[in-house]
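Let's take a relaxed walk through a protein chain, going from one small sheet out to the whole fold. Have a look at the sequence and the structure before reading on.

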Amino acid sequence: MKLSFREGAALLVNDSNTQATLQWEHVGKRMVVDFKRLTPGILQAFQQMANGGATSQELVDGVAKTDGFLAVFQLQAYLAKFEKALLLNRTIFYDDHPFATLAPKSPYYQYQEFPRTPEQKYTLSRFAYWHRVGEQMILESALGHARLVLYASQAIVLINALGKPSSYQEWLEQFPTLVPSVLKPLLNFMLNAGLLSEVDEAGYIQEDKDETLYQWEFHDLLFHTQSRLGRTLEAVGGTYRFWNKIQSLPAVKPKMSDVCIPLYRPDIEKLKATDIPFTQVFEQRKSIRKHGEKPITDKQLGEFLYRFARVKEMYDMELTINGHTEKWSMSKRPYPSGGGRYSLELYVIAHKCENIPSACYHYYPLEHALYKVSDQNSLVERLLELGRPNPYDFPDNPQVLITIAARFQRLFWKYKGFAYAVLLKESGILTQSMYLVATAMGLAPCEVGIGDAELFARLVGTDYYAETCIGEFVLGSMPED
């Protein structure tokens, strides 16, 4: 097993060959350490680690031969510091070719030598997953603080065998061409990466016996770990990762048709003076799963959208990064948005709304108007059926279904690591704003738990990966009772 500096770390050596600088990225921050008055043996060890790696014994032998045995203690002190700084990768080699690499992926990673018996059975964790990063095949788990990079096809076959419980002894019998010097560290690598779960003598998988873990679904835990700090060494936040590569989407989505319905604009100053108190609105807010006999009016819908969704102001923003300057438009609206990006779009299906023809519309916040997207058709009917909060209370489709869609790249352009999580938070903020406005207006609001994102994209004609729905909200007149 060879030790090397982790991917992305760079060692720069000065002309005198006595000083060196080590640079790397840590959670988006550039880290730099200068080494002065390095001995020839220590410098050579660093260079070996920066160029493919070397075994611990090779590093020790090289330093002892060049600098003397006492310098080995200095080398070990450096290695301990590199370990603590998460700079060390470990790689298994087989027939002089890399077989698998264990790489830290979390600030809380600590390499361990796990005690094990040849008869102990393991199975692949249900939270483990394969994916490609560049030209590498990565195996990792939401449970782990390290990831496994696999190079050899034999490694992939071996991992696949863990779909059913297997012991180290069974590995030796099943893969006789692989020597213990490969299998033992590979098993330890997988345990370090949280990829394996123990299986007891009765055949029960340990992680499934854990009531807390058992209730997590794969996608939920993966999303949670990857959109929060703590289990990643990657940059997270406003990195502007597509700066000078891809143009930012406009602050306001362009009009989707020529068929426009201008909406009523309430007098905000008058509302400030006459609206019911905020605490009363907040306390009265609730989901109402019935609509009145008389449908909501166009004036009510116009006031409702104006109070929380209109564009209040447009302004330009300019930023220079690495000598490249870009300008783009921004908007201000009544509700808050991650980075002021306002990536969410509102689509209104007016099923029963006085003075507005039944159809699907896109809300254009800059003009406070509805632009027709689609006539009432089978796709609209299907979305309305899915929008029924309760089939028993809604024998008919809801009066108005408002779909919250996201222009994903509007936020992805700036943020890395947690952009989708920000979209969901913003959707929640917007939904609460809709509840409060509807309550203040005496309307019947209700959030819908789930929607059909594929169906919606087909209805409005958007690319599923560019814009589709992430939330739904039903609105109607207050029932008489």
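In which sense do strand β8 and β13 pair, and over how many bridges? Strand β8, residues 121-124, pairs with β13 in the antiparallel sense, and four bridges link the two. Keep in mind that this is a predicted model.

One of those links is easy to look up: L124 has L196, in β13, as its bridge partner. Zoom out a little and you find an open sheet of three strands in the order β12-β8-β13, with antiparallel pairing. The edge strands are β12 (166-167) and β13 (196-199), each of which pairs on one side only. As a bit of background, strands of a sheet pair through backbone hydrogen bonds, and the pairing can be parallel or antiparallel.

Now for the start of the chain. K2 sits in strand β1, which covers residues 2-5. Is K2 buried, exposed or partly exposed? Its relative accessibility is 24%, so K2 counts as partly exposed. K2 and A54 are 52 residues apart in sequence, yet their C-alpha atoms are 4.6 Å apart in space. Beyond its neighbours within four places in sequence, K2 also touches a set of other residues, including G52, G53, T55 and F93.

G52 turns up again right here: this residue follows helix α1, and its phi is positive, near 100 degrees. Helix α1 itself runs over residues 40-50, and its buried residues are G41, I42, L43, A45, F46 and M49.

Next, the surface. F69, L70 and F73 make a nonpolar patch of about 390 Å². F69 lies in the loop between α2 (56-67) and α3 (71-84). With a relative accessible area of 56%, F69 is over the 50% cut-off, so F69 is exposed.

Finally, here are some values for the protein chain as a whole.

| Property of the protein chain | Value |
|---|---|
| Secondary structure | 16 helices and 26 strands |
| Span of the C-alpha trace along its principal axes | about 90 × 60 × 40 Å |
| Buried share of the 481 residues | 47% |
| Accessible surface | about 24,400 Å² |

Carbon and sulfur atoms account for 51% of that accessible surface. The radius of gyration is 30 Å, while a compact globule of 481 residues would have one near 23 Å. What about contacts between residues at least 6 apart in sequence? Of these, 70% join residues at least 24 apart.

Technical notes: Residues are numbered from 1 along each chain as its sequence is written. This is a predicted model: local features need pLDDT of at least 70, side-chain atom pairs count only at pLDDT 80 or more; totals for chains, interfaces and linings use all residues. Side-chain values use heavy atoms; hydrogens and water are left out. Two strands pair if DSSP finds at least two bridges between them. Patches are made of residues with over 30% relative accessible area and no salt bridge: like charges are joined within 9 Å, nonpolar side chains (Val, Leu, Ile, Met, Phe, Trp, Tyr) within 5 Å. Accessible areas come from the Shrake-Rupley method with a 1.4 Å probe; for residues, only the protein chains shown count as cover. A salt bridge is a side-chain nitrogen of Lys or Arg within 4 Å of a carboxyl oxygen of Asp or Glu. Buried means under 20% relative accessible area, exposed over 50%, partly exposed in between (1.4 Å probe, protein chains only). The radius of gyration is taken over C-alpha atoms; the globule rule is 2.2 Å times the number of residues to the power 0.38. Contact means heavy atoms within 4.5 Å.
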